[in-house]
Amino acid sequence: MNFQALDVLIDCIREFSLRVNSNLADKALPFLSEDTLELINRYKENATTSAFIEVVQYIFNDLSDKEKLQQKEIGVNLFSTRIEDLFDYFISEEKKSPLLQIILDEEHGVPKVTYKGEEIKRNREILLHWETDTEYMGGLTYLIDHVEPGCIINRIERRVKGHACD
């Protein structure tokens, strides 16, 4: 965990504790599940970092079925404006999808390619070249040629030198 993430975590713990122990979080509580409310009450009794993380996971699970505007409003009532930082550092990491996936079931099969979460269909050419100069430095090139409706050939190509990830 880097220092910025640690700072966000400490700020969010402080804000959350302040808000649930006063009436500042009352507007958000009706939108949370019974299980989450029970965890919040247990957190009030024993405010540890691990208990906080468990409460946050339950809260974000409750918010997942709400509209973005409502998510933000509830989040701000519970964590102040640090809610976005908390999400970026801790929650979104769990939900990140891979940049590029190439799945080949058999040697003579057609590879299934997923790029930024979207399957690329009608592939013509798939190239992935990854190299390393040392344990850390390296290079990456990937190329995906595919045919779009109307026989339009589209190419996704990326070359990265200096690191092996995008």
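**View 1. Ile-10 and the nonpolar surface patch of helix H1.** Ile-10 is partly exposed in this predicted model. Its relative accessible area is 46%, which lies between the 20% limit for buried residues and the 50% limit for exposed ones. The residue belongs to helix H1, which covers residues 3-20. Together with Phe-3 and Leu-6, Ile-10 makes up a nonpolar patch on the surface. The accessible area of these three residues together is about 340 Å².

**View 2. Packing of helix H1 against helix H4.** Helix H4 spans residues 68-79 and packs on H1 with the two axes 7 Å apart. The angle between the helices is about 90 degrees; because angles from 65 to 115 degrees count as roughly perpendicular, H1 and H4 are described as roughly perpendicular to each other. On the H1 side, the contact is made by Cys-12, Glu-15, Phe-16 and Arg-19. H4 contributes Val-76, Asn-77, Leu-78 and Phe-79 to this contact.

**View 3. Val-110 in the loop between strands E1 and E2.** Strand E1 (100-103) and strand E2 (112-115) are joined by a loop that holds Val-110. Val-110 has a relative accessibility of 71% and therefore counts as exposed, the limit being over 50%. Leaving aside residues up to four places away in sequence, Val-110 touches Ile-103 and Leu-104.

**View 4. Val-110 and Arg-124.** The C-alpha atoms of Val-110 and Arg-124 are 9.9 Å apart in space. In sequence, Val-110 and Arg-124 are separated by 14 residues.

Definitions and conventions: Residues are numbered from 1 along each chain as its sequence is written. This is a predicted model: local features need pLDDT of at least 70, side-chain atom pairs count only at pLDDT 80 or more; totals for chains, interfaces and linings use all residues. Side-chain values use heavy atoms; hydrogens and water are left out. Patches are made of residues with over 30% relative accessible area and no salt bridge: like charges are joined within 9 Å, nonpolar side chains (Val, Leu, Ile, Met, Phe, Trp, Tyr) within 5 Å. Accessible areas come from the Shrake-Rupley method with a 1.4 Å probe; for residues, only the protein chains shown count as cover. A salt bridge is a side-chain nitrogen of Lys or Arg within 4 Å of a carboxyl oxygen of Asp or Glu. Helices (H or I, at least four residues) and strands (E, at least two) are DSSP runs, numbered from the N terminus. Buried means under 20% relative accessible area, exposed over 50%, partly exposed in between (1.4 Å probe, protein chains only). Axes are lines fitted to C-alpha atoms, for helices over the stretch in contact, and angles run from 0 to 180 degrees between N-to-C directions. Angles under 35 degrees count as roughly parallel, over 145 as roughly antiparallel, 65 to 115 as roughly perpendicular and the rest as oblique. Contact means heavy atoms within 4.5 Å.
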